[in-house]
Amino acid sequence: MQPKKKKSLSSDLFEQHGIDPERIPRHVAVIMDGNGRWAKKRFMNRVNGHQQGVETVRTIVTAARQIGIDVLTLYAFSTENWSRPASEVKALMVLLKRFLAKEIDTLDRQGVCLNVIGQQSRLPDDVQTQIERSMVQTRGNTGMVLNLALSYGGREEITRAVRAIVNEVSSGGLSVQDITEETVAERLYTAGQPDPDVLIRTSGEMRLSNFMLWQVAYAELFITDTLWPDFSQKEFLDIIRQYQTRERRYGKVPCISNDGSQQ
């Protein structure tokens, strides 16, 4: 009698959460919100909330990789976040550098390719150096792309793409008649990646906060009151299951026959 094969962790996750492995979203984007409020509720410094939020990042990256998501984008630091108190910004940069240095080997073993979208040149030099090292180390991995949105703003991204197109038109490399939606998409930070199928925002706020304004045009939105440090693997996977129950029409209406059935 042949011994039974041991189930993979992914199989267990699919069964426990009722997830169809054939309908996994290709790209999930997350606005990680609520670190400061999490700390405030506990009479702690805001930096403590960011530190706890890093633990949640580890959890969600691992879960996304295990169920086969192709791209995970995490909104880590916006262009607007530079206006926060200098001490908090400095602490965030220290946490970012520490996270990359500590986690990059684990991400590499998991087959994760690290990518950064946003204005990298605005980041401190030592953080830029750590980012480059991490991206080089994981460049050949094909298991999942992890986009960290750093000094990122959706309007800045679109403006940057428009400038690139105008320059190409001015130099004669592109004609106005040839400009399409694909022309714009190819000049975004996420060029070559699928648009998000799912956009999750924690902490209950009902806004996009200048995040991936072009790419989330048809994403399924999930807003949870849970603060990011409390966002769990279970809640993440429950959202994936809920996503699988939604009908994605992309502005279209299903064709209905005379007997009322969909065609």
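Two strands count as paired if DSSP finds at least two bridges between them. Keep that in mind as you work through this predicted model.

**Exercise 1. Find the strands that pair with β4, and name a bridge partner for each.**

Step 1. Start with strand β2, residues 71-78. This strand and β4 pair in the parallel sense, over 7 bridges. That clears the cut-off of at least two bridges.

Step 2. Pick out one bridge here: Phe-77 has Leu-150 as its partner in β4.

Step 3. Now take strand β3, residues 112-117. Its pairing with β4 is parallel too, over 6 bridges.

Step 4. For a bridge on this side, look at Leu-114, whose partner in β4 is Leu-146.

**Exercise 2. Work out why β4 can be called largely enclosed.**

Step 1. Locate the strand: β4 covers residues 144-152.

Step 2. Count the buried residues, where buried means under 20% relative accessible area. In β4, 8 of the 9 residues are buried, so the strand is largely enclosed by the rest of the structure.

**Exercise 3. Describe the nonpolar cores.**

Step 1. Begin with the largest core, which has 47 residues. Among the residues with the most contacts inside this core are Leu-146, Leu-148, Leu-72 and Phe-236.

Step 2. Ask which helix gives the most to this core. That's α4 (residues 86-109), with 8 residues.

Step 3. Zoom in on Phe-236. Setting aside its neighbours within four places in sequence, Phe-236 is in contact with Val-28, Ile-60, Ala-63, Ala-64, Ile-69, Ile-200 and Phe-231.

Step 4. Don't miss the second, separate core: it has 12 residues, including Ala-29, Ala-149, Phe-211 and Ala-219.

**Exercise 4. Compare what lines the two largest pockets.**

Step 1. The largest pocket has a volume of about 750 Å³. There are 31 residues lining this pocket, and the closest to its centre are Met-32, Asn-35, Tyr-75, Ala-76 and Asn-81.

Step 2. See which elements supply the lining. α2 (35-41), α3 (46-67), β2, α4 and β4 each give at least two residues.

Step 3. Sort this lining by class: you get 15 nonpolar, 9 polar and 7 charged residues.

Step 4. Move on to the second largest pocket, with a volume of about 400 Å³. Its lining has 19 residues, and Glu-181, Ala-185, Asp-195, Trp-214 and Gln-215 are the closest to the centre.

Step 5. Sort the lining of the second largest pocket the same way: 9 residues are nonpolar, 4 polar and 6 charged.

Methods. Residues numbered from 1 in each chain as written. Predicted model: local features only at pLDDT ≥ 70, side-chain atom pairs only at ≥ 80, totals over all residues. Heavy atoms only, no water. Buried < 20%, exposed > 50% of the residue type's maximum accessible area, 1.4 Å probe, protein only. Helix = DSSP H or I, 4+ residues; strand = E, 2+ residues; numbered from the N terminus. Core = buried A, V, L, I, M, F, W, Y, C linked by side-chain atoms within 4.5 Å. Contact = heavy atoms within 4.5 Å. 1 Å grid on protein atoms, 1.4 Å probe; cavity = no way out; pocket = protein on both sides within 12 Å on 5 of 7 lines; lining within 4 Å. Points joined across faces, edges and corners; volume = space filled by probe spheres on them. Nonpolar A, V, L, I, M, F, W, Y, C, P; charged D, E, K, R; others polar.
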